[in-house]
Structure formats: structure tokens, C-alpha cells
Amino acid sequence: MVAGPNDNEIISRVLRGETQLYAELVKRYQSFVFTIILRYTKSREDAEEISQDVFVKAYRSLADFRGDSKFSTWLYTIVNTTCITFLRKKKLDTQSLDNEKVFEVADSQDSGFRANQVEQKSKLRMVNEAIQLLSPDDAKLITLFYKGEQSLEEIGNIMGIDPNTAKVKLHRARTRLKEKMEKHFAAEVKDIMN
Amino acid sequence: MNTQLNMEEQLWSYIDGTVSEEEKSFIERLVATNAEWKDKYRELLEVHDLLNNNLELDEPSMRFTQNVMDEIGKYQIAPAAKNYINKKIIWGIGIFFITMIVGFFVYGFGQVNWSEPGTNSYSFDLSKIDWSKFFNNTYTNIFMMINAVLGLMLLDMYLTKRKRKLQETSPH
């Protein structure tokens, strides 16, 4: 839980002219925004540039935030659109957002990533490395649900899809994550499950 | 395969708490009595707990907040879209286009000679169309009149709004 004034209070005060208070919102959500963007770009520099762009866009459109959804949901909607636009414009070294084959190729290329390190990997590293093997959309869904405190309905709003579709997509993303962990961290998974 | 997928989806919904009371007790019964369901449930719950407790967020650079604040210093918050997008104008535009479409339909059907038997030929010669008919027709005139009235209504709404705005902003 966040301490201090809630998001809507901060927004009202920023709109009344206390511009510096916007820094509080940035601090509150920068890691969520940065992490989701990093699922797409893999480059920290680009992710930081896009994150900055997201916060500037959110600031400029702050008067349009009606407060009928959570600020974070509204912000992640901007993340979603900004990310896609930025990637299309810059043609970064990422493939189609839905192209999972690319990540299958990545899987086959990272054999050094498993084997000798498997035993020592903590659960933490296992989960966070396995998530990077997922497609950006899958990784984003999982991050929004588990870390972004977004319900399936809110995820649906962010991604412009029906909540039921979001639910099915999330189920499949977790199943794929489980498969990645089983494939790349077999020993760890065995330890955990037993 | 489908049964397996279905079982996983039902179990995920159960874990996420998005099932109805009826489904919940059905799944609970299956987990308690069926070994396959029990194992799968345990497996998925493990993944759920791993994600709940171990998923990390990345942090941007230390200067990130400051960079954003420096950047927003160059901009102003744009006025809310609802302030400059008048719903009445949108409705007006919608009515205008609907009237146009309906007008064309009425005119088109008005031109059909229903008593003449149909032919299978769909040949259509543009040069044979008498364009003067389109603009000397009662329906067209009525349609144009409606559009003109709508246009005047929109102009009136716009001018009224501007007048009100000027009155509000002018010093007393």
C-alpha cells in the first residue's frame, strides 16, 4: 500500500497548479511502467526513453483523467499505446508483438543459460529469467496481474480486449511460463514441486 | 488434450477466484476426489505462489524522476477534451450523415419503377444518367433544406456557446 495522499488527490492538486507533486506519481509508478516496457524493448536505454515519454504524455493529458478507473489502469493504457507506437517508429530490434516463434528461437539459442547454473538458481532468478523467455504480451499480462495490481477487467481495458479474452490469455501465459520453467530450470522445478 | 486444457483453465479460474459459487464447489469436489485434478491443482498453485512472491520489478536510473520533471517543465497540461469537444456537435454531425444516407435511400427507392418486371441484366451506363433530375427533384430539395436547417442549428449552437464563454470570461 502506498503512503501519503492517494493518486486522485495528487492529480487534483497537480491540476490546480502544484506541478511538483507529479513527481510523487512518477516515483509511485516508474518501476511498474519501466518493467512493462522492458518486456518489449530489452534495452534499458530505450525502455527509459519510452517510460519518460509515457509520463510526459500522461502529464499533458492529466485533465482527461476522469477518475472512473484507477490512475494505474489509465497510465498502463498509455504505456500500451506508446510502446507499440514507439516500437513501430523506431523499428527496434524486436519482432512482432505477437510473434512467439522468435522467442522459441531465443529458447533454442540459450542452452548456456540453463545446465550448469540450474542448481544454484534461486526461485527469484528462475521466475524472472523464465519470464524473459516469454513473448512481450505474455510477460506484460503476467506483470500487470501479479505486480501492477490490475484485475482481469482492467487488463482488458488496458489491452483493448474483452475481460474474458484477457482471462484466457493470462491462463495461457502462465501455462507457457510453467513450460519454460520446466524446460530450462528442470532441477529447480523438481525441487519446488517435491 | 482439450480436457487437459479445460481442466487447467478451470483450475486457474478457481485459483484467481473468478468462478461462481457453484463452479467453486464443483472444482473443490474434483480436487478432493480426483488424483489428476489434485496434482494439477497443486502444480498450478505452486506457479501462482512463485509469481506472487518472486516476480521482480526493474528500476529505471536514479535520475529518472528528475528527468521526467525536467521534461514536463517544457509542457503545459492540455485542457480536457470534454471542454472543447461538444457532444451536441458530434450528435449534429451524426444526424447530418444519417439524414444524408436516409435521403439517398429515399431518393433511390423513389426512382425504382416497381411495376416493371425485373431483368437479369445489371449493365449500367453512367453516360445515360440524366444528372439534371437529381437536382430538380422534390426529394432532393427537401433533403437540401433539412441539411441547411441542420447547418444553421449547428452554427447557432456554436455562436451561443462562444457568446456564453465570452460573458463568463469578461470582467464584471
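Among contacts in chain A between residues at least 6 apart in sequence, what percentage join residues at least 24 apart? In this predicted model, the share is 69%, and the corresponding share for chain B, again among contacts with a separation of 6 or more, is 73%.

**The two chains**

Chain A contains 10 helices and 0 strands, so that its elements, read from the N terminus, run α-α-α-α-α-α-α-α-α-α. Chain B, for its part, has 8 helices and 0 strands, and its elements follow the order α-α-α-α-α-α-α-α from the N terminus on. The two chains can be set side by side as follows.

| Chain | Residues | Buried residues | Helices | Strands |
|---|---|---|---|---|
| Chain A | 194 residues | 38% | 10 helices | 0 strands |
| Chain B | 172 residues | 6% | 8 helices | 0 strands |

Confidence in chain A should be kept in view throughout: the average pLDDT of the chain is 82, and 79% of the residues score at least 70. Over residues 94–106 of chain A, however, the pLDDT is below 50, and beyond near neighbours in sequence this stretch has 15 contacts in the model. Residues 108–120 of chain A also have a pLDDT below 50, with 8 contacts in the model beyond near neighbours in sequence. Where pLDDT is low, the predicted coordinates should not be read in detail.

**Where chain A touches chain B**

In the contact between the chains, 38 residues of chain A meet 31 residues of chain B. The elements that contribute two or more residues to the chain A side are helix 2 (22–41), helix 3 (44–60), helix 6 (123–131), helix 7 (136–146), helix 9 (163–184) and helix 10 (186–193) of chain A. Of these, helix 2 of chain A gives the most, with 10 residues. By class, the residues on the side of chain A that touches chain B divide into 20 nonpolar, 9 polar and 9 charged.

One charged residue can be followed into this region in some detail. Arg174(A) lies in helix 9 of chain A, and it counts as buried because 24 other C-beta atoms lie within 10 Å, where the cut-off for a buried residue is 20 or more. Leaving aside residues up to four places away in sequence, Arg174(A) touches Ile142(A) within its own chain and Trp12(B) and Val47(B) in chain B. The C-alpha atoms of Arg174(A) and Asp138(A) are separated by 8.0 Å, although the two residues are 36 residues apart along the chain.

**Helix 6 and its partners**

Two packed helices are described by the angle between their axes and the distance between the axes. For helix 6 and helix 9 of chain A, the axes come within 9 Å and cross at roughly 115°, and helix 6 passes helix 9 in a right-handed crossing. The residues that meet are Met126(A), Ala130(A) and Ile131(A) from helix 6 of chain A, and Leu177(A), Lys180(A), Met181(A) and His184(A) from helix 9 of chain A. By class, this contact has 5 nonpolar, 1 polar and 1 charged residues.

Which residues of helix 6 of chain A are buried? They are Met126(A), Val127(A), Ala130(A) and Ile131(A), and because they cover an arc of only 120° around the axis, they lie on the same side of helix 6 of chain A.

Met126(A) also has a neighbour further along the chain, since Glu188(A) is 62 residues away in sequence and 8.1 Å away in space, C-alpha to C-alpha. Glu188(A) lies in helix 10 of chain A, and it is buried because 23 other C-beta atoms lie within 10 Å.

**Around helix 8**

Is Glu149(A) buried or exposed? Glu149(A), placed in the loop between helix 7 and helix 8 of chain A, is exposed, because it has 12 other C-beta atoms within 10 Å, and the cut-off for an exposed residue is 12 or fewer. Its backbone has a positive phi of about 55°, although Glu149(A) is not a glycine.

In helix 8 of chain A, which spans residues 152–159, the buried residues include Leu152(A), Glu154(A), Ile155(A), Asn157(A) and Ile158(A). Just after helix 8 of chain A, Gly160(A) takes a positive phi of about 70°.

Key. Residues numbered from 1 in each chain as written. Chains lettered and ligands numbered in written order. Predicted model: local features only at pLDDT ≥ 70, side-chain atom pairs only at ≥ 80, totals over all residues. Contact = placed C-beta atoms within 7 Å. Helix = DSSP H or I, 4+ residues; strand = E, 2+ residues; numbered from the N terminus. Nonpolar A, V, L, I, M, F, W, Y, C, P; charged D, E, K, R; others polar. Axes fitted to C-alpha atoms, helices over the stretch in contact; angles between N-to-C directions. Left-handed = near helix turned anticlockwise from the far one by under 90°. Arc of directions from axis to C-beta. pLDDT = per-residue confidence, 0-100.
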